[in-house]
Amino acid sequence: MTEPIIIAEQISKSYGRKQAIDHLSLTIEKGSVTGILGGNGAGKSTFFRMITGLVRPDSGRLTVLGEEPGWRTNSQIAYLPDRARWYGNYTAEQTFDWGSNILPGFEKSEALRLAELMNLPLDLKTEGMSKGQEARLMLILCIARSVPLIVLDEPFSGIDGSSRERIIEALIDAISEKEQTLLISTHEIYEVEGLMDDVVFLKDGAVQLTGNAEKLRTEYGSIYDLSKKMGD
């Protein structure tokens, strides 16, 4: 039987009068690639911040890697938040040196391999990078880490098609080599649905639908088509 890596039991979170997460119950299995999908305001980013311990539930119970999220679990999670930036005006290689010193489980040799795969020049400074190049750099800082859980929040937002292709290729390459669990939230469903083992649709902070991706494709034709039916 597959071991769960995340268990959410009736968790809720409000910001003033805004109910961001509403009695959400969900189990994520170890070693799976799970798409956390839904429209803007569905609760995806808040759920990710809960997983990483940045936000605590107002009620309910959440365990990640067998513990309540916090500093101990955070060292085992590679988290790419929406609109993240963690480094100064370094070259790509200097950023990898920074990652080696700061990020638990970061492997510079893997980062260099991924940079070559993604066609990211090592001597290019961040101030001279395109948005696509910067997105590739931020993703490498996540997926070059040997940690049990990777959480990616809209990694393709505003990124050109050729950059997306390189990012997806690198993701496939990385997760096939390591026994890692990947959570990904994206509106670019058509391009990444082949990655997904399981799918969770959120709406108004609650689970609208969840299931095995292959079974859902059989029933609905594609996860992309299903997302349109769900109103994403």
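The radius of gyration is taken here over C-alpha atoms, and the rule for a compact globule is 2.2 Å times the number of residues to the power 0.38. In this predicted model, the protein chain has a radius of gyration of 17 Å, which agrees with the value near 17 Å that a compact globule of 232 residues would have. Taken along the principal axes, the box filled by the C-alpha atoms of the protein chain is roughly 45 × 40 × 40 Å.

The protein chain contains nine helices and nine strands, and among its contacts with a separation of 6 or more, 69% join residues that are 24 or more positions apart. Of the 232 residues in the protein chain, 49% are buried. The exposed area of the protein chain is about 11,000 Å², of which 46% is supplied by carbon and sulfur atoms. With regard to charge, the protein chain carries 34 negative and 25 positive side chains, the centres of the two sets lying 6 Å apart.

At the residue level, Leu 62 belongs to strand S4, which spans residues 59-64. Leu 62 counts as buried because its relative accessibility is 6%, where the cut-off for buried is under 20%. When residues up to four places away in sequence are not counted, the residues touched by Leu 62 include Ile 6, Ile 7, Ala 8 and Ile 11, together with Met 50, Ile 51 and Pro 57, and also Glu 67, Glu 68 and Pro 69. Glu 169, by contrast, lies 107 residues from Leu 62 along the chain, and the C-alpha atoms of these two residues are separated by 32 Å.

Definitions and conventions
Residues numbered from 1 in each chain as written. Predicted model: local features only at pLDDT ≥ 70, side-chain atom pairs only at ≥ 80, totals over all residues. Heavy atoms only, no water. Helix = DSSP H or I, 4+ residues; strand = E, 2+ residues; numbered from the N terminus. Buried < 20%, exposed > 50% of the residue type's maximum accessible area, 1.4 Å probe, protein only. Contact = heavy atoms within 4.5 Å. Areas by Shrake-Rupley, 256 points an atom, 1.4 Å probe, with all protein chains shown as cover. Lys, Arg positive; Asp, Glu negative; His and termini not counted. Charge placed at Lys NZ, Arg CZ, Asp CG, Glu CD.
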